[in-house]
Amino acid sequence: ECGRLGMAVHLHAMAGAGGYFGIAGVNPVLLEPIFNDPRLRGTNFVLLHGGWPYVREIGALLQKPNVYLDISGQDLLLPPHTESQWLREWLEFEPEKVLFGTDGYPYSDELGWAESVWLANRDARQALGIALTGMVRDGEISRDRAIEIARLVLRGNAERLYGFRSQP
């Protein structure tokens, strides 16, 4: 029904939530039969939170025409340099399918929702900057292409996927 209505389906794809959480169950490759189902080819799926620890599997799944990735959530668990490594890999393959996102959670009185969103936003942007700077430095892309990719990730890819229009 989501595909018929032009709505993307969001799926949680990251280990977490404490000691009871089944890590093997968040392997996004387990979803491959759904992504390959001819009846669902018109349905877009967004894998939320970057898929950690299955970051390479996420990269492979991005090659499917109906799979996208939202990088939210991992910024709260992992440092920007670590996140930048697989973010770079995803951007080298499918920069038009990576979406910026932040996630927040009220962890304590001192680290509430607002603070965690601020931290996630800061760290995700740092990771994106590290990844794109490395790609420019290594001669993979030009500075102009890095700026274009940053705009796609931070806004353009979501606008296209969800049918939003930019405000002037």
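1. In this predicted model, helices α6 and α7 pack at an angle of about 155 degrees, and their axes lie 10 Å apart. Angles over 145 degrees count as roughly antiparallel, and α6 and α7 are therefore roughly antiparallel to each other. The crossing in which α6 passes α7 is right-handed.

2. The contact between these two helices can be followed residue by residue. On the α6 side, Arg 125, Leu 128, Leu 132 and Val 136 take part, and they meet Arg 143, Ala 146, Ile 149, Ala 150, Val 153 and Leu 154 of α7. Sorted by class, the contact of α6 with α7 has eight nonpolar residues, two charged residues and no polar ones.

3. Ile 147 also belongs to helix α7, and with a relative accessible area of 30% this residue is partly exposed. The C-alpha atom of Ile 147 is separated by 9.8 Å from that of Gly 129, although the two residues are 18 apart along the chain.

4. A second helix pair involves α5 and α6, whose axes come within 8 Å and cross at roughly 55 degrees. That angle makes α5 oblique to α6. Here, too, the handedness can be stated, as α5 passes α6 in a right-handed crossing.

5. From α5, the residues Pro 80, His 81, Glu 83, Ser 84, Leu 87, Arg 88, Leu 91 and Glu 92 meet a set in α6 that includes Asp 123, Ala 124, Gln 126, Leu 128, Gly 134 and Met 135. By class, this contact of α5 with α6 has 10 nonpolar, four polar and four charged residues.

6. Helix α5 itself covers residues 80-93, which is 14 residues, and reaches 20 Å from its first C-alpha to its last, close to the 20 Å expected at 1.5 Å a residue. Its buried residues are Pro 80, Glu 83, Ser 84, Trp 86, Leu 87, Arg 88, Glu 89, Trp 90 and Leu 91. The elements against which the buried residues of α5 pack are the helices α3 (55-61), α4 (74-77), α6 (113-137) and α7 (143-162), together with the strands β3 (67-70) and β4 (98-99).

7. Ser 84 gives a close-up of this arrangement. This serine lies in helix α5 and is buried, with a relative accessible area of 4%. When residues up to four places away in sequence are not counted, Ser 84 touches Ala 127, Ile 130 and Ala 131, and these three residues are among those of α6 that meet α5.

Conventions: Residues are numbered from 1 along each chain as its sequence is written. This is a predicted model: local features need pLDDT of at least 70, side-chain atom pairs count only at pLDDT 80 or more; totals for chains, interfaces and linings use all residues. Side-chain values use heavy atoms; hydrogens and water are left out. The expected span of a helix is 1.5 Å times one less than its number of residues. Buried means under 20% relative accessible area, exposed over 50%, partly exposed in between (1.4 Å probe, protein chains only). Contact means heavy atoms within 4.5 Å. Axes are lines fitted to C-alpha atoms, for helices over the stretch in contact, and angles run from 0 to 180 degrees between N-to-C directions. Angles under 35 degrees count as roughly parallel, over 145 as roughly antiparallel, 65 to 115 as roughly perpendicular and the rest as oblique. A crossing is left-handed if the near helix is turned anticlockwise from the far one by less than a right angle, and right-handed if clockwise. Ala, Val, Leu, Ile, Met, Phe, Trp, Tyr, Cys and Pro count as nonpolar, Asp, Glu, Lys and Arg as charged, and the others, Gly among them, as polar.
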